Amino acid sequence: STSEGADRYEITQREATLQVLPGISTPMWTYGGTFPGPTIESRRGRKVIVTHHNELPVPTVVHLHGGRTPAAHDGYPTDLVLPAAWSHLALHGGHAGHGSAGGHGMTDARAVVTNRQRAYEFPLDQRATMLWYHDHRMDFTAPAIWRGLAGLHFVRDDVDDALDLPRGDHELPMMIADRAFDADGRLAYPALDPTLTGQPGVTEAYLAGVLGDVILVNGAPWPVHEVDTGVYRLRILNGSNARHYELEAVAENGRTLPLVQIGADQGLLAAPVRHEHLPIAPAERYDLLIDFGGLPVGSRVRLANRLGTGRTADVMQFHVVRHGASAPIPDRLADDLPEWDRSQATVIRDFAFRAGRMNGRHGWLIDGQPFDPARTDVTTRLGDIEVWRLIADVHHPIHLHLVGFRVLSRGGAEPLPHDAGLKDTISLRPGESAEIITRFDGYRGRYLFHCHNAEHEDMGMMANLEIV
Ligand code: C2O
Ligand code: CU
Ligand code: CU
């Protein structure tokens, strides 16, 4: 609904039993009863208020990934929306104290009751792009996303509209995410299976990040999507906890269809970049055009994953079922990309993303430390431009909240073609370093940066950034 200059949405977080695999019931945690949750459509600069009601059995946190959001609404990992069910427990506590209105129990009960829902406000004063909202509770983000707490949120603007890119049924939002299922159709998550663990909650499969053997696109396994011979705009999110893909579109004659990149995590590029195949790490988004013109009606195009084996080598298929109008691919896109220069940077900071031991256990650490909500790791001034040098031991997709950044270098050399544009997540390959540059503008407050391998994040590879 629309009121007071804001678009308002209500989302109830609740358990639902969905048919993800044909004919099989899978209990999930959902935003509003579906997986993915409802897709939200917004205009740049128009405020959106999303009220989340928590009817799940656990506390939750909502983060709008890629959103330029004031800190109080950014979904800090300890800023919990408590379960509605807990209010009854707390009220019991109050009654046990004989109902003294000023008693400690009653105070707690009120606190809990007010926390079972939360209105998140998003100014969305940012370039048009596709964002995703997902759970972000400290230590439990990975299993919460795995169980279904993820959805897409589009921001549109006039720059994007004016390009006349494919839209309507020629624009396909695609949340790609792998999952594993047990014999009864329940989602299988190794860290939660005590029979697999020596130490409770820790398995080899968990340490590297949890992988599934079923590839879902928008919650459906290996879907077949009917298309015409026109140009389609694919809005792709890798919503997997830990799986990397390298996408390639292969026609039946073996020919590879180019994936023409027009946008990155934070909106349109200056000019399109053609890829024969395209790596995509967890949390990255790519905005692509694909042209089915020239293919015979009746033919199929396989969207393959060159990093997969067996079933995970396939993502989905396009089935060309009719003729469609071809559309030109513009050769210039947006001219509002920030062009920051190293010479503008007030500071160069180094961050190492590496495994280490903490409390006798394996952990994923930033500069040797696990996440601590009570520690400020970086303090920066609003408006400052900074260069960050990031280095990784194994594959780590590194994400910054609030800001978009440009990639200055990778592995001591030029950025790769898919590093183009404004990003909020950069995929560091094993042993690789990269330099990014950004301007910390927007809002003051406490934000995060972290690895977006969701299990690495839960195991501590996250840090606090305070903008003052
Ligand atoms: Cu996708 Cu800290 O988030
Ligand atoms: Cu984020
Ligand atoms: Cu990582």
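I began with the largest nonpolar core of this predicted model, which holds 75 residues, and noted that I176, I236, L288, I290 and V315 touch the most other members. Looking up where its residues come from, I found that strand β14 (residues 231–238) gives the largest share, five residues. I then checked the core against the domain bounds: because domain 1 (2–81 + 116–159) and domain 2 (163–322) both contribute residues, the core lies between them.

I next listed the contacts of I236, leaving aside its neighbours within four places in sequence, and obtained M174, I176, I280, R285, Y286 and L288. Apart from this core I recorded another one, of 30 residues, which includes F405, L428, Y447 and L448.

I turned to the sheet that contains β14 and wrote down its seven strands in the order β12-β11-β10-β14-β20-β17-β18, an open sheet with mixed pairing. The edge strands are β12 (220–221) and β18 (267–275), each of which pairs on one side only. At the β18 edge, I noted that β17 (residues 259–264) pairs with β18 in the antiparallel sense over five bridges, and that G263 stands opposite L268 in β18.

Is Q266, in the loop between β17 and β18, buried or exposed? I counted 24 C-beta neighbours inside 10 Å, and since 20 or more is the cut-off for a buried residue, Q266 counts as buried. Setting aside residues up to four places away in sequence, I found that Q266 touches G66, R127, T129, G404, L422, K423 and D424. I also looked up its separation from I290, one of the core residues listed above: Q266 and I290 are 24 residues apart in sequence and 20 Å apart in space, C-alpha to C-alpha.

For the N-terminal strands, I followed β2 (residues 6–18), which runs parallel to β5 (residues 47–54) and is joined to β5 by eight bridges; within this pair, Y9 stands opposite V50 in β5. Strand β2 also pairs with β3 (residues 26–31), here in the antiparallel sense over six bridges, with L18 opposite T26 in β3.

Finally I consulted the UniProt record, an unreviewed entry, which lists residues 17–77, 100–158 and 359–465 as "domain: Plastocyanin-like". In the model, I found residues 17–77 to be 0% helix and 39% strand, with the end C-alpha atoms 27 Å apart. Residues 359–465 came out as 5% helix and 46% strand, with 24 Å between the end C-alpha atoms.

Technical notes: Residues numbered from 1 in each chain as written. Chains lettered and ligands numbered in written order. Predicted model: local features only at pLDDT ≥ 70, side-chain atom pairs only at ≥ 80, totals over all residues. UniProt positions renumbered as here; feature names shortened; annotations may be inferred. Helix = DSSP H or I, 4+ residues; strand = E, 2+ residues; numbered from the N terminus. Pairing = 2+ DSSP bridges. Buried ≥ 20, exposed ≤ 12 C-beta atoms within 10 Å, placed from the backbone. Contact = placed C-beta atoms within 7 Å. Core = buried A, V, L, I, M, F, W, Y, C linked by C-beta atoms within 7 Å. Domains from an automatic or database assignment.
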